[in-house]
Amino acid sequence: MSKSFKILVVDDELIIRESLIGWLEKAGHEVDAAEGGYAALEMLGEKEYDLVFLDMRLPDLGGLEVLKHSKASRPQTMVVMITAYGSVGNAVEAMKHGANDYLMKPFEPEQLVLLVEKLLTQKKIIDENIMLRDQMAARIRYQDLVGSSASMQRLFAFIEEVADVDSPVLLRGETGTGKELVAKAIHARSGRRYGPFIPINCGAFAENLLESELFGHEEGSFTGAMRAKKGRVEMATGGTLFLDEIGEVPLKMQVDLLRVLQEKKFHRVGGNREISVDFRLISATHRDLAEEMAKGHFRQDFYFRLNVIEIEVPPLRLHKEDIPLLTQHFLQKLRKETNKPVTGIQDEALVLLRSYDWPGNVRELENALERAIVLSKSDRLRKDDFAFLFRTAGQEQDIAPQSLKDMERKHIDQILKGCGGNISRAATILEINRATLHNKIKKYGLQAHE
């Protein structure tokens, strides 16, 4: 026999226990025994068995109850019910509750050996299927990134390749492609994974506030600085600092960050004490930094310091074959968050999602699914649940807008509806700041919420 089982025999009759132990050990298996249901449950809680021979009738706790507890706590453990002639109905009932087979008393050693061989073969097939499923899941999901397409598989492989080196990484990609998830995946696979992952969106702060967020400040360094505060640079020591939207960093601060990267030292705002830091830098941008350098908006020395390793994160329109996988991933997540009983999506709706170009990429897909789930009247998402994605002038055959102002109003309205009225999400997709979007919403009389 190529493999032996860890087997538990549960029977209150000594002669049955000893017979089973003798035959099974002779066949090369590791065998333990219990004479009652409670003792069996205790042993099942302490040790993982491949197979349990379980008598239907026990003096303290019935075999059916032991079976139910066993399958609840150890569903992978195979169970064979031992039953007397005339009690086959009970054994059949037990199989409805998860028993794998039954053995009728009296039985012969040959009968027992054949049954164990059959179960051993079944277990081998089950284990191989679990392994194949796990391998497939690993290929389509990498940390929190999902995708089986060639472009995503290349991305996963590249992350694996660069994760363990400490060189700076620059992530390039459109808004909503999942650059922060890529940064988290790099951190999670790196030698710094037990250190902190500290993100900051450099485009979300005014220049004076960004300086304080990055470098911290000392008490009294400016109006409102009531106490000293650590910045993100200092907080990232021992881990990874993720600078999202690095293209929004002002020129003066690029100089300060360059010094930190070169010397691994800095001062808090209003402070004289030099603080040493040790972190791995990952930055991200949706901008063309070469073009920004040509315009004088981005320092060349800073760019080359950031861009030691460059990773391009593909837009969703270039790997639409991942949309079904992403949709299932988000459905599982959003079901819990929205508490809505949506169990799936119709094929026609998936075809529709694959026909859309997703200018907001994976983030827009997630937002669209959330909106569809919240508003859906069915337990499966339908094509009509995504009609809002196509409410543009051309696709609804409306009268074409006659001015740039009309086109802007219609476009902003479409994005706001696609984001469920969420201003932060819409501003990110439109690549403008929240204040600008607020002004345009007010100007055009559009509907939104915070």
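**Exercise 1. Decide whether D55 is buried, partly exposed or exposed, and find which residues it touches.**

Solution. D55 has a relative accessibility of 5% and therefore counts as buried, since buried means under 20% relative accessible area. The model in which this value was computed is a predicted one. The next step is to place the residue, and D55 is found in strand β3. Finally, leaving aside residues up to four places away in sequence, D55 touches V10, D11, D12, G63, I82 and K105.

**Exercise 2. Work out which residues of helix α2 are buried, which are exposed, and what the buried ones pack against.**

Solution. Begin with the buried set: in α2, which spans residues 37-46, G37, A40 and L44 are buried. These residues cover an arc of only 55 degrees around the axis, and therefore they lie on the same side of α2. A general point helps in reading this pattern: an α-helix has 3.6 residues a turn, so residues three or four places apart point the same way. Turning to the other side of α2, one finds Y38, E42, G45 and E46 exposed. As a last step, look for the partners of the buried residues, which pack against the strands β1 (6-10), β2 (30-34) and β3 (51-55) and against helix α3 (63-73).

**Exercise 3. Describe how helices α16 and α17 pack, giving the angle, the distance between the axes and the residues that meet.**

Solution. Helix α16 (residues 404-418) packs with helix α17 (residues 423-430) at an angle of about 130 degrees, and their axes are 9 Å apart. That angle makes α16 oblique to α17, and the crossing of the two helices is right-handed. On the α16 side the contact involves H411, I412, I415 and L416, which meet A426, I429 and L430 of α17. Sorted by class, this contact of α16 with α17 has six nonpolar residues, one polar residue and no charged residues.

**Exercise 4. Apply the steps of the previous exercise to helices α13 and α14, and state which residues make their contact.**

Solution. The axes of α13 (residues 323-338) and α14 (residues 347-355) come within 10 Å and cross at roughly 115 degrees, and this crossing is right-handed. The contact is made by I323, P324 and T327 of α13 together with L350, L353 and R354 of α14. By class, the contact of α13 with α14 has four nonpolar residues, one polar and one charged.

Methods
Residues numbered from 1 in each chain as written. Predicted model: local features only at pLDDT ≥ 70, side-chain atom pairs only at ≥ 80, totals over all residues. Heavy atoms only, no water. Axes fitted to C-alpha atoms, helices over the stretch in contact; angles between N-to-C directions. Helix = DSSP H or I, 4+ residues; strand = E, 2+ residues; numbered from the N terminus. Parallel < 35°, antiparallel > 145°, perpendicular 65-115°, else oblique. Left-handed = near helix turned anticlockwise from the far one by under 90°. Contact = heavy atoms within 4.5 Å. Nonpolar A, V, L, I, M, F, W, Y, C, P; charged D, E, K, R; others polar. Buried < 20%, exposed > 50% of the residue type's maximum accessible area, 1.4 Å probe, protein only. Arc of directions from axis to C-beta.
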